[in-house]
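Here is a quick walk through a protein model, written for someone who would rather look at it than read tables. Have the viewer open and follow along.

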Amino acid sequence: MDTASQPSSDQLHLFDDPVDRSEESCAPEPTFSNYIVYVDESGDHSMVSIDDAYPVFVLSLCIFNKSYYGRAVVPAVEEFKFRNFGHDIVILHERDIRKETGQFRFSGAKEKNRFLGALSKIIEASKFILISAVIDKRRMKDTGEVADNPYHVALRFCLEQLRDFLSEKDQLGTLTHVVVECRGKKEDAELELEFRRVCGGANKYGVPLPFAIVFADKKSNSSGLQLADLVARPIGLSVVRPNQPNRAFNLLREKFFCEGGRENVGKNYRGVGYLIYPDAQKAKGPGEPTEAIAPTGIPQST
């Protein structure tokens, strides 16, 4: 026998754990939630300059059951990338797809519609709960709320509603991670401060919220963050252009957190999983966009 091929007694085995963990056996295991939350935004939260073409700020939370997310969502997104690009390094950004920049250069409308249709099918098939706030900055200015930060208004609503969802799932005794994309050192510090303030008790319940914020690099190839990026703008357009056909929003409406559970998906979500603030249409009911179906998928044209 060739003894050279045998590992020596003092050689570390490839999968051995050399750390003595005997003292850790008595330490309590961290209790994590069964859910993971991915967050993205659309528009900017500045109250100084307001874009008349898109005068809103949108914050969207996509809530996934972790087991389902790893088993079904990630493989679906990966397979889509392999099929369309030959690799999975590409990051699906709504703006890049809509503007046809970077790796998203289509030969024509037919190819683009095919691509968008396949992407929309993944989003439609993916089981996640959506909580979103659309802040109408023009109305905030008209009502004199210029001192309020639209991001903070949206964040507080979304975290409060996230608590309601997790309460339904009996998960308030566990820690839920909320993943956001890095924006800049100053912006991230301000966001973390506000996040901790709301979770510390500055919410409508006046109680601590069991959430932890996680900052992800913009180049992070997270399927959850990419899906959150794809849904934010169509939600904003449902307010900016309420009478324009919005296929993407029609697809997403059945994913909003709503009253009444599964039997009421697509209904009773206004003010529960979907907030418009300030709400000019509150007295008139949902004010949802037309049911007409546009020929494109999730990314909406400007």
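## How far to trust it

Among the elements of the protein, strand β5 (residues 211–216) has the highest mean pLDDT, 98, and helix α4 (residues 137–142) the lowest, 87. pLDDT is the predictor's confidence in each residue, from 0 to 100, and helices (H or I, at least four residues) and strands (E, at least two) are DSSP runs, numbered from the N terminus. Over residues 283–297 the pLDDT drops below 50, though this stretch still has 35 contacts in the model beyond near neighbours in sequence; contact means heavy atoms within 4.5 Å. Where pLDDT is low, the predicted coordinates should not be read in detail. The protein as a whole averages 85, with 81% of the residues at 70 or above.

This is a predicted model, so to speak of local features takes a pLDDT of at least 70 and side-chain atom pairs count only at 80 or more, while totals for chains, interfaces and linings use all residues. Residues are numbered from 1 along each chain as its sequence is written, and side-chain values use heavy atoms, leaving out hydrogens and water.

## The sheet and its helices

Six strands make an open sheet with mixed pairing, in the order β5-β4-β1-β2-β3-β6. The edge strands, β5 and β6 (274–277), each pair on one side only; strands pair if DSSP finds at least two bridges between them. On average, neighbouring strands of this sheet are turned by 20° against each other, direction ignored.

β1 (residues 32–42) and β2 (residues 56–65) pair in the antiparallel sense over eight bridges, and Asp 40 stands opposite Ser 60 in β2. Two helices can be compared by their angle to β2, with axes fitted to C-alpha atoms (for helices over the stretch in contact) and angles from 0 to 180 degrees between N-to-C directions.

| Helix | Angle to β2 | Strands touched or crossed |
|---|---|---|
| α1 (residues 66–85) | about 90° | lies across β1 and β2 |
| α7 (residues 223–240) | about 140° | touches β1, β2, β3, β4, β5 and β6 |

## Helix α5

The 19 residues of α5 (residues 150–168) should span 27 Å at 1.5 Å a residue, and the end C-alpha atoms are 28 Å apart, which agrees. The expected span is 1.5 Å times one less than the number of residues. Asn 149 caps the N-terminal end, with a side-chain oxygen 2.8 Å from the backbone nitrogen of Tyr 151. After α5 comes Asp 170, whose phi is positive, near 55°.

Methods: Polar contact = N/O pair within 3.5 Å; in protein donor to acceptor, adjacent residues only side chain to side chain.
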